[in-house]
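Student: I would like to go through this protein with you. Please tie each term to its cut-off.

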Amino acid sequence: MSLVAYEDSDSETETGKTEAPDASGRQTNQLSSPVSCVQHFAPGSTKSTHEMHPAESTGRAGRSTVCEDPPEHYAQNNNTDLAPPYFQRVFSGHAALSVAYRNYEQASSSSTNSGNGISQKRTHKDSTTAIKGIRPYIPKRFRQENSSKPEKEPDQRGSSDCDVELSVSGEQTLRKISELIKPYLGSKYKVTELPKSLIFYMSKHSGPVNEIQWCPVREQSHMLLSASMDKTVKVWDAVDTGCCLKTYSCHSCAVRAARWSSCGRRILSGGFDSMLHLTDVETGKQIFSSKTEFRVSALKFHPTESNVFVCGGFSPEVKAWDLRTSKVLRVYKAAVQQTLDILFLPEGREFLTSTDAVSRDSADRTIVAWDFQSAAKISNQIFHERYTCPSLTLHPKESVFVAQTNGNYMALFSAQRPYRINKKKRYEGHKVEGFAVGCEFSPDGTLLVTGSSDGKVFFYNYHTSRIIRTLSAHKEACVSAIFHPVLPSLLATCDWAGEIKIWQ
């Protein structure tokens, strides 16, 4: 006596009873059971929740909702997509059907387990013709899923809305031009407006975010780069969707610094694993990799030579690298223990480094000016107050730069020798308190924005040095706030809790 397992015999019987012989009745049943994808954008959050809402059946009274058709037929008859557009992929054969069916099963289980006390039973017909006679023990739909199973996406933890891992259409997604940016590409940058509301909340990082940067290519400036202590570098669509486009896990320790290349196709990163990586944005492959003798904490590309960059870290040395030869060009030595930040002055002939060298009464080596070609030290008598400077930023139009200090203020300096400090202007009111809080000018140079250790964002008038507005952005320390290079009112902020927020 042989044991034969039959698949869903009760379900087929019930389906046969449910099917109406009348074609018009079948059409009426389909139209009365639409499946709608609803996007909910809650205030202060951008989580997109796609819910399946089946309408009640118009059949017999007391019967539970029955969805007769499989999801792929249902979508065709009702012009309804079972998944949001940015989750769809291009697969051949039955792979797309299996993906849609899994989404359909998940929606069915969620509606069954809802707290309304009503168990909604869903039955379906197999889209293929049933084979009469003995059937295998393993159902056919499971065998199809195993044979045509698509590649698994890497696990991305966090509470952000979505994390799109690019597949076939990856290059198009990265190279697209946002419809919101197109109207601004043919004109000059307008006057910067203060952001008022939260647009996107992105929290895919599981550790503090050290640095963020908009893509320098205007046509691709919808992409935002972030480096985190969770050992990853991420690229976000921070203008249209707020989704994570790519995640790069090439470092074994915290990533302290990451920068876009001038062409927007590569990312340079350095971390506490003493590694330097140049990664292709589209493929994720390392074009250049090298190990340094120190943990990297600061990186900057040369403003005119795109293949040259300068890096510093937990070492008295700062090194200039050439990506074409993968070798060190020059070494800049100073009697310090750590380089906190690097800033190139206009034309790239000189650059500044901020260090942790501070004595009890003065800080004669806190900011050091270097000649890039000769590696000679130009001046170390720039800032004489006993505070270290975790970040430096250059004015986009005038020959001045600003240094963020641990004295809870920002100091203004001339970008020309002898780099004198402006004693009449001091931007104070925010808090630094040991965090590597960044500061930046608006693209038109009228505003100076900075984060704060209390989670706020401060907007200063550059000319009067007065606080224009304070934005309560984060609960943890806000370490960076940067304006969008094209859109006049878009601002990105990040904090020590791993959150990134977009304001407008």
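**Terms and values**

Tutor: This is a predicted model: local features need pLDDT of at least 70, side-chain atom pairs count only at pLDDT 80 or more, and totals for chains, interfaces and linings use all residues. Residues are numbered from 1 along each chain as its sequence is written, and side-chain values use heavy atoms, with hydrogens and water left out. The protein exposes about 25,200 Å². Carbon and sulfur atoms supply 49% of that area. Accessible areas come from the Shrake-Rupley method with a 1.4 Å probe; for residues, only the protein chains shown count as cover.

Student: What makes a run a helix or a strand, and how many does the protein have?

Tutor: Both are DSSP runs, numbered from the N terminus: helices are H or I with at least four residues, strands are E with at least two. The protein has seven helices and 28 strands.

Student: Why is strand β19 called mostly covered?

Tutor: Buried means under 20% relative accessible area (exposed is over 50%, partly exposed in between; 1.4 Å probe, protein chains only). In β19, residues 400-405, six of six residues are buried, so the label fits. Val400, Val402 and Gln404 point one way, and Phe401, Ala403 and Thr405 the other way. Across the protein, buried residues make up 48% of the 504 residues.

Student: How do you know that β19 pairs with β18 and with β20?

Tutor: Two strands pair if DSSP finds at least two bridges between them. β18 (residues 391-394) and β19 have four bridges, so they pair, in the antiparallel sense. β19 and β20 (residues 409-414) have six, so they pair too, also antiparallel. Valine 402 of β19 is the bridge partner of threonine 393 and of leucine 412 in β20.

Student: What joins these strands?

Tutor: A hairpin through five residues joins β18 to β19. Another hairpin, with three residues between the strands, is formed by β19 and β20. In that turn asparagine 408 has a positive phi of about 65°.

Student: What makes a set of residues a nonpolar core?

Tutor: Its members are buried Ala, Val, Leu, Ile, Met, Phe, Trp, Tyr and Cys residues joined through side-chain atoms within 4.5 Å. The largest such core has 20 residues, and those with the most contacts inside it include Met202, Trp214 and Ile502. Strands β1, β2, β26, β27 and β28 each supply at least two of its residues. The largest share, three residues, comes from β2.

Student: How do you know that isoleucine 502 is in contact with Trp214?

Tutor: Contact means heavy atoms within 4.5 Å. Leaving aside neighbours within four places in sequence, isoleucine 502 is in contact with residues including Phe200, Trp214 and Leu491.
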